Amino acid sequence: MSNNVRPETMERITTAALAEAFIAEQCAALKAQIGSKKVLLALSGGVDSSVVAALLIKAVGKQLTCVHVNHGLLRKGEPEQVIDVFRNQMDANLVYVDAVDRFLDKLAGVADPETKRKIIGAEFIRVFEEEARKLEGIDFLAQGTIYPDILESGPVKAHHNVGGLPEDLQFELVEPLKFLFKDEVRVVGKALGLPDNMVYRQPFPGPGLGVRCLGAITRDRLEALREADAILREEFEIAGLAGKVWQYFTVVPDFKSTGVRDNKRSFDWPVIIRAVNTRDAMTAVIEEIPYPVLHKITARITAEVPGVNRVLYDLTPKPSGTIEWE
């Protein structure tokens, strides 16, 4: 197979049977490539890296070491799920790195969105490099590269933030999903036994909640964002919207407004809901959420999330707005 072109003869993976055939083929290829050596993977908990991890566990077992870096910008419950699925259920070699303070200290007072992204990306590379140097005998670096990444970014995937590792860490790349589209990756993940809420996880930006906690990130506002996002996702699931909306999330801006809480004047943040549908992310339309659902989400967020007194709904399509706020 070419490094850059999906083979024309490759059948689309749309069924469990095709996924099983792909898994068998890739396990054989991975065993042949890796042999008895060791492989390292930055496991974010997103769809691509999770499916790569599950595939490698099936192929080479304990020869794989996964590194999960918690930078404090993940959604509620995500680090715990990664530990439960991969360490407890799949018996993987999983290195969990609690780097929350390290990242948030670096981000303190930084309001510019592009600067925040650069800090998060660079710090991730540093943390991952430190963990890689602690391990001995690693010859391979696995990445969750999928076919759109090759089409858009070239052969080395950037969004897992490991493309900038120092040259002396001369790992050979392992990219078993590089000819698959996202929908095919999900079919393979389902066949590998990953939970649905991991396999069908919606798109999530590389900097995580860092680009949804607008302006300079503070710990209290970040926690309000995380809790509001969890409520939104829970209520969308209950209402049957989770599978109908391409991307939905909350945003907490860096300003406050007057409100009333417990019969007293409050001066708190608003939470902004964003819910869009798109085919290619180049344009996006607003999903019309039923008012009873919006009322329930609003009631829960304003009652359950400290520091919040308003809920707003973003009605702006793309263009003129982008999908994310930063």
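This tour moves through a predicted model, from its central strands to a helix, a pocket and a loop residue.

**Strand E2**

Begin by selecting strand E2, residues 64-70, and showing its side chains together with their surroundings. Seven of the seven residues in this strand are buried, so E2 is largely enclosed by the rest of the structure. If you look along the strand, Leu64, Cys66, His68 and Asn70 point one way, while Thr65, Val67 and Val69 point the other way, and all of them are buried. In a regular strand the side chains alternate between the two faces of the sheet.

**From E2 to E1 and E4**

Next add strand E1, residues 38-42, which runs parallel to E2 and is joined to it by four bridges. Two places are worth centring on here: Val39 stands opposite Leu64 in E2, and Leu41 has Cys66 of E2 as its bridge partner. E1 is itself mostly covered, with four of its five residues buried. Now bring in strand E4, residues 138-142, which is parallel to E1 and is also joined to it by four bridges; Leu141 in E4 is the residue opposite Leu40.

To see how the chain connects E1 with E2, display helix H2, residues 47-60, since E1, H2 and E2 make up a right-handed β-α-β unit. The next crossover leaves E2, passes through helix H3 (residues 78-89) and arrives at E3, and this β-α-β connection is likewise right-handed.

**Strand E3**

With E2 still shown, select strand E3, residues 93-98, which pairs with E2 in the parallel sense over six bridges. Return to Cys66, whose bridge partner in E3 is Leu94 and whose partner in E1 is Leu41.

**Helix H7**

Move now to helix H7, residues 182-191, and colour Glu184, Val185, Arg186, Val188 and Gly189, which are buried. What covers these buried residues? Among the covering elements are helix H1 (16-34), H2 and helix H8 (196-199). Just after H7, select Gly193 and inspect its backbone, where phi is positive at about 90°.

**The second largest pocket**

Keep H1 in view and turn to the second largest pocket, which has a volume of about 280 Å³. Its lining comprises 14 residues, and those nearest the centre of the pocket are Gln26, Gln33, Glu175, Pro176 and Lys178. Which element gives the most to this lining? It is H1, with six residues; H1 and strand E5 (172-174) each supply at least two. Colouring the lining of the pocket by class shows nine nonpolar, two polar and three charged residues.

**Thr145**

From Pro176, one of the residues nearest the centre of that pocket, go to Thr145, which lies 7.9 Å away in space, C-alpha to C-alpha, although the two are 31 residues apart in sequence. Thr145 is found in the loop between E4 and helix H6 (147-153). Is this loop residue buried or exposed? Its relative accessible area is 0%, and Thr145 is therefore buried.

Key:
Residues are numbered from 1 along each chain as its sequence is written. This is a predicted model: local features need pLDDT of at least 70, side-chain atom pairs count only at pLDDT 80 or more; totals for chains, interfaces and linings use all residues. Side-chain values use heavy atoms; hydrogens and water are left out. Buried means under 20% relative accessible area, exposed over 50%, partly exposed in between (1.4 Å probe, protein chains only). Two strands pair if DSSP finds at least two bridges between them. A crossover is right-handed if, with the strands pointing away from the viewer, the path from the first strand over the helix to the second runs clockwise. Contact means heavy atoms within 4.5 Å. On a 1 Å grid over the protein atoms alone, a cavity is a set of points where a 1.4 Å probe fits but cannot get out, and a pocket is an open set with protein on both sides within 12 Å along at least five of seven lines; lining residues have an atom within 4 Å of a point. Grid points are joined across faces, edges and corners, and a volume is the space filled by probe spheres set on the points. Ala, Val, Leu, Ile, Met, Phe, Trp, Tyr, Cys and Pro count as nonpolar, Asp, Glu, Lys and Arg as charged, and the others, Gly among them, as polar.
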